[in-house]
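Trainee: I'd like to learn how to read a multi-chain model. Could you walk me through this one?

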Amino acid sequence: MTNSEVIAKLKTRFGDTVLATEEFRGDLTVTVKKEEIVRVAEFVKTEPDLAFDLIIDALGVDMYRPEGRFEVVYIIYSLNHKRYVRLKVRVDEENPVVPTVTGVWPGANWHERETFDMFGIRFSGHPDLRRMYMPEEFEHHPLRKDFPLMGIPDSLPLPRR
Amino acid sequence: MPVRTPEETKKSQILAALEDQDTTVVVDDALENEMVLNMGPQHPATHGVLRLLVRLDGETVVAVVPELGYLHRGYEKIAENATYHEFIPHTDRLDYLSPLSNNVAYVLAVEKLAGIEAPRRAQYIRVLVCEMARVASHLVAVGSMAMDVGALTVLLWTFREREKLLDIYDVLCGARFTTSYTRIGGLQQDWTAQCTGMLNQFLEEFKQDLAEVEALLQTNRIFVDRCEGVGYLSQANCIAMGLTGPLLRAAGVPRDLRRDNPYLIYPELDFAVITATESDALARFYVRIAEMKESAKILRQALDRLPEGPYNAFEPKKVPANKERTYTKMEELIHDFMLVNLGIDPPVGESYGAVESSKGELGFYIVSDGTGQPWRLKIRSPSMTNLQALPMMLKGGMISDIVAIIGSLDPVMGEADK
Amino acid sequence: MAIESLQRDGFLTTRLDEVINWARKNSLWPMPMGISCCAIEMMATASPRFDISRFGSEVMRFTPRQCDVMIVAGTVTYKMSKVVRKIYDQMPDPKWVISMGACASSGGMFRSYSVVQGIDQFIPVDVFVAGCPPRPEALLHGLMELQNKIEKERTIGSLVRKEPVWIPEMPVAGKAGQPA
């Protein structure tokens, strides 16, 4: 299946839910509505022509724009057809909540935890949403654009000499 | 008359007072208590700083919670503040057992985004270097798994082999270990005849040495008993958890990026994709040994077909020219200045480039905003995704299996923690 | 001269400090706090080619209670610093610390929010070994420098006469390669 066939299949099934599609350097990215991500995920996993069963990655991007500040990107792969596709959702800053896809791809568990740790995007329905890399007491989200590279002084404890 | 010490007097007084009290002690059934054991970040067998919280019922593992983050160095934030070239040394330190394959993976992802293609000689050398890195990494993986299970000799032998490869890196890249050898559009320096001679010698000796290691372990009753049937994960679970690399291939799924989504000049080479079906620690060990033999085959083929030609692409606005032209010609000097200070300017967009590293699929997802520094760079690390399956593999096993299973997973914390 | 008296009379006279320091410096059991890439070079130093055991450091015990020198090899993050300090506190006296690599000495190439810019912010360090990662020969050189430092300690002096252990007017090594 080529990229345009995948787009056609998704559009006939979901119509308005597909907000945008983009092809760049041979890769296909499909932006869908945030609330419908679980339905789209189930469809692309179970449909035999698509069969995207391997979750490669789930990450967040801070676009630092007033509308839909964050984006969550899911990179998925089909073992039968040997192709990649990216699903993208836009998340607002005021309500950074996205339904979790761990019901569809259990391997997205730690990736979503990392996205929560780095950006502060909560995943509703996640079995175990806690910080991944930073200590639990850390109060900030490091990969946001307004967090400085050297960190905030005294935000992490250091033992005394 | 015997003299009593004050302690004896006190003791007899206490015993007298207790005589008419009920002194039977009731303890909960000791075997009903479960214990939480902390295999802390500093541990000989956790392959780096991995913390495992293990809930034990006697010696049986009930549940495991891994905790990562003890080596989180903030790579992705550093990448947003550095140009594409400046990030190349950082990629060395990701999977620090095979630094050259990380270099190649990153540079391929950036070249895909920027639309540059390296010349054929550079691609052949990159394949050579990637496969050498795969052999080096598998040598350490096999050696440390054997050491964790008890066979210390194997580690010393595999490190001796690895030293020969590190000597080749020394001559080729200038550094033994963290090489930073590839550049966007090509390589740092050329492959020389001395490297060819050293690699030829290595390939001659490697077959024999690998056979020695195999002979030591393959029929060793203790090793086989300790690893067989341990850490089993069904194929469906492997796919559901997103595993890649030797773990997925040991479960019977023949996925290898070099064959499925080929990059560099792999379509022209002849090699087999090794799979096994048992999906336990022993199967993964055999997959790694067989992959080393396939890598030796690939090295032989690529070395025989190495073409002549330039080793850097001719893209004046993206790839710096060689130093002689930079110091003598005006245009090249200006380009060099712009590239070093401001970076290459790939078009606005996002792309994902991945290679098959020794641990699995190592990918870089780059969001570019048109400037010389990436807007977002996400490292898809195979070790982190592979570690996700650890609780499922450990459940129901014994404590002593934990070590064998982690050895068969072969995580590298520099990659898992980014 | 001491050897002749040993051969002639069967005993030799020396200062107690010299004997104690000679024994200590030639049997430094390392505690490998191997955290990241430098740990692999430390393992390579223990491998047959570079062979750290000829310096007495054969036993790389991973329990701090039996070790003399802690080799911190790798990037220490804030999350890990508590653990490193705990292990350092558990080591019995006399103990020394070698900071191996650029990351442990000064934060290295990782100037970011989660990396401690130098472990000497929370533990006292005796020898810094530069490199990213230092070659095994460099680590062995650092070990030899530590042995030189131990040789000049005044152990009995500090116990009996309450003198400071480290003599300040120690000659500093000149250019690289020249003896101190």
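**Reading the chains and their contacts**

Mentor: Let's start with chain C: of its 180 residues, 46% are buried. Keep in mind that this is a predicted model.

Trainee: Okay. Which elements does chain C have, and in what order do they run?

Mentor: Chain C has seven helices and four strands. From the N terminus on, they go α-α-β-α-β-α-β-α-β-α-α. About 8900 Å² of chain C is exposed, with carbon and sulfur atoms supplying 56% of that.

Trainee: And what pattern does chain A follow?

Mentor: Chain A reads α-β-β-α-β-β-β-β-α-β along the sequence, which comes to three helices and seven strands. Its C-alpha trace spans about 60 × 30 × 30 Å along the principal axes. Of the 161 residues in chain A, 57% count as buried.

Trainee: How do I read sequence separation in the contacts?

Mentor: Take the contacts between residues at least 6 apart in sequence, then ask what share joins residues at least 24 apart. For chain A that share is 48%; for chain C it is 73%.

Trainee: What about charge in chain A? How many positive and negative side chains are there?

Mentor: Chain A carries 23 positive and 27 negative side chains, and the centres of the two sets lie 2 Å apart.

Trainee: Now the interfaces. How many residues does each side put into the contact between chain B and chain A?

Mentor: Chain B brings 46 residues and chain A brings 45. Together they bury about 3800 Å², and carbon and sulfur atoms give 59% of that area. On the chain B side, Lys77(B), Glu350(B) and Trp375(B) lose the most area to chain A, together 18% of what that side buries.

Trainee: And how much area is buried between chain C and chain A?

Mentor: There it's about 1300 Å², with 68% from carbon and sulfur atoms. The contact involves 16 residues of chain C and 16 of chain A. Tyr78(C), Lys79(C) and Tyr113(C) supply 48% of the area that chain C buries against chain A, more than any other three residues.

Trainee: How should I think about salt bridges, and how many are there between each of these pairs of chains?

Mentor: The general idea is that side chains of opposite charge can pair when their charged atoms come close. Between chain B and chain A the count is seven, while between chain C and chain A it is zero. Over all chains, the structure holds 58.

Trainee: Can we look at one across the interface? Which residue pairs with Lys112(B)?

Mentor: Lys112(B) pairs with Asp27(A), with the closest N and O atoms 3.2 Å apart. Lys112(B) sits in helix α4 of chain B and Asp27(A) in strand β2 of chain A, so this salt bridge joins two chains. Lys112(B) is partly exposed, at 27% relative accessibility, whereas Asp27(A) is buried, at 14%. Another case is Lys378(B) with Glu114(A), at 3.8 Å from N to O.

Trainee: What does a salt bridge inside one chain look like?

Mentor: Try Asp209(B), which forms a salt bridge with Lys164(B), the closest N and O atoms being 3.3 Å apart. Asp209(B) is in helix α7 of chain B and Lys164(B) in helix α6, so the pair ties together parts 45 residues apart in sequence. Asp209(B) also meets Arg160(B) in a salt bridge, at 3.8 Å from N to O. Those two residues are 49 apart in sequence.

Trainee: Is Asp209(B) buried or exposed?

Mentor: Asp209(B) counts as buried, because its relative accessibility is 11% and the cut-off for buried is under 20%. Its partners Arg160(B), at 34%, and Lys164(B), at 23%, are partly exposed.

Methods:
Residues numbered from 1 in each chain as written. Chains lettered and ligands numbered in written order. Predicted model: local features only at pLDDT ≥ 70, side-chain atom pairs only at ≥ 80, totals over all residues. Heavy atoms only, no water. Buried < 20%, exposed > 50% of the residue type's maximum accessible area, 1.4 Å probe, protein only. Contact = heavy atoms within 4.5 Å. Lys, Arg positive; Asp, Glu negative; His and termini not counted. Charge placed at Lys NZ, Arg CZ, Asp CG, Glu CD. Buried area = accessible area lost by both parts, 1.4 Å probe. Salt bridge = Lys/Arg side-chain N within 4 Å of Asp/Glu carboxyl O. Areas by Shrake-Rupley, 256 points an atom, 1.4 Å probe, with all protein chains shown as cover.
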